[in-house]
Amino acid sequence: MPNPLNQETFLEFLVSNRFVVVHFWAPWNERDRLMERLLASLASDKASQVAFASLNIDMPEHIELARQHKVFDVPLLAFYRDGLLIRTTTGMHTRGVLARHLRELTGS
């Protein structure tokens with residue numbers, strides 16, 4: 001299960017982990033539930049390298065974070081290296097595509 005983030009923990013989580021994937025999601029979106037299961041599977045394989053987190057964009061206190069990260073559609077995955085945003089992707093992807101994004105993020 002990814003670490004649930006909020007306004008107070010978001011930046012701290014990014015800087016305390018070298019490689020981070022944040023799943024911006026909404027509880028009403030079926031694709032987000034599917035993405036959550038896929039990410040949980042990938043997280044078990046990559047737990048030693050990549051930190052996975054999630055942010056519910058429907059919560060009023062998270063609206064500003066979603067706006068700052070230009071979340072216009074969900075699911076949105078944001079990939080960070082050393083606290084810097086490397087790439088974002090929206091929509092559903094296969095396990096293979098996400099694994100490729102993770103290899104590009106970590107360089108392995």
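This talk walks through the sheet, the helices on it, the aromatic cluster, the nonpolar cores and one serine. What you have in front of you is a predicted model.

I'll start with the sheet. There are five strands in an open sheet, in the order S1-S3-S2-S4-S5, and the pairing is mixed. Strand S1, residues 3–4, and strand S5, residues 84–90, are the edges, each pairing on one side only. S1 runs parallel to S3, and two bridges join them. If you want a residue to look for there, Asn3 has Ala53 in S3 as its bridge partner.

Next, the helices that sit against those strands. Helix H2, residues 30–46, lies across S2, S3 and S4, and runs at about 165° to S2. Helix H4, residues 95–106, also packs on the sheet, where it touches S2, S3, S4 and S5. The direction of H4 makes about 20° with that of S4.

Now the aromatics. How many aromatic pairs does the structure hold? Two. In one of them, the ring centres of Phe10 and Phe24 are 6.2 Å apart with the planes at 40°, so that pair counts as tilted. This pair links distant parts of the chain, since Phe10 is in helix H1, residues 10–16, and Phe24 is in strand S2, residues 19–25, 14 residues apart. Phe10 and Phe24 are both buried.

The other pair is Phe10 with Tyr80. Here the centres are 6.3 Å apart and the planes stand at 80°; pairs over 60 degrees count as edge-to-face, so this one is edge-to-face. Because Phe10 lies in helix H1 and Tyr80 in strand S4, residues 76–81, the pair ties together parts 70 residues apart in sequence. Tyr80 is buried, as is Phe10. Taken together, Phe10, Phe24 and Tyr80 make up one aromatic cluster.

That brings me to the cores. In soluble globular proteins, nonpolar side chains tend to be buried together. Here the largest nonpolar core has 19 residues, and the members touching the most others are Phe10, Val22, Phe24 and Tyr80. H1, S2, S3, helix H3 (63–68) and S4 each give two or more residues to this core. For Tyr80, contacts beyond its neighbours within four places in sequence include Phe10, Leu14, Val22, Phe24, His69, Ile86 and Leu105. A second core is separate from that one; it has 15 residues, among them Val21, Met35, Leu38 and Leu77.

Last, one serine. Ser54 sits in strand S3, residues 50–56. Is Ser54 buried or exposed? The cut-off for buried is under 20% relative accessible area. Ser54 has 12%, so it is buried. What is Ser54 in contact with, leaving aside its neighbours within four places in sequence? The residues are Pro2, Asn3, Pro4, Leu5, His23 and Trp25. Take Pro4: it is 50 residues from Ser54 along the chain, yet their C-alpha atoms are separated by 4.9 Å. Pro4 belongs to S1, which covers residues 3–4, and S1 is joined to S3 by two bridges.

Terms used:
Residues numbered from 1 in each chain as written. Heavy atoms only, no water. Helix = DSSP H or I, 4+ residues; strand = E, 2+ residues; numbered from the N terminus. Buried < 20%, exposed > 50% of the residue type's maximum accessible area, 1.4 Å probe, protein only. Contact = heavy atoms within 4.5 Å. Phe/Tyr/Trp six-rings, centres within 6.5 Å; stacked < 30°, edge-to-face > 60°. Core = buried A, V, L, I, M, F, W, Y, C linked by side-chain atoms within 4.5 Å. Pairing = 2+ DSSP bridges. Axes fitted to C-alpha atoms, helices over the stretch in contact; angles between N-to-C directions.
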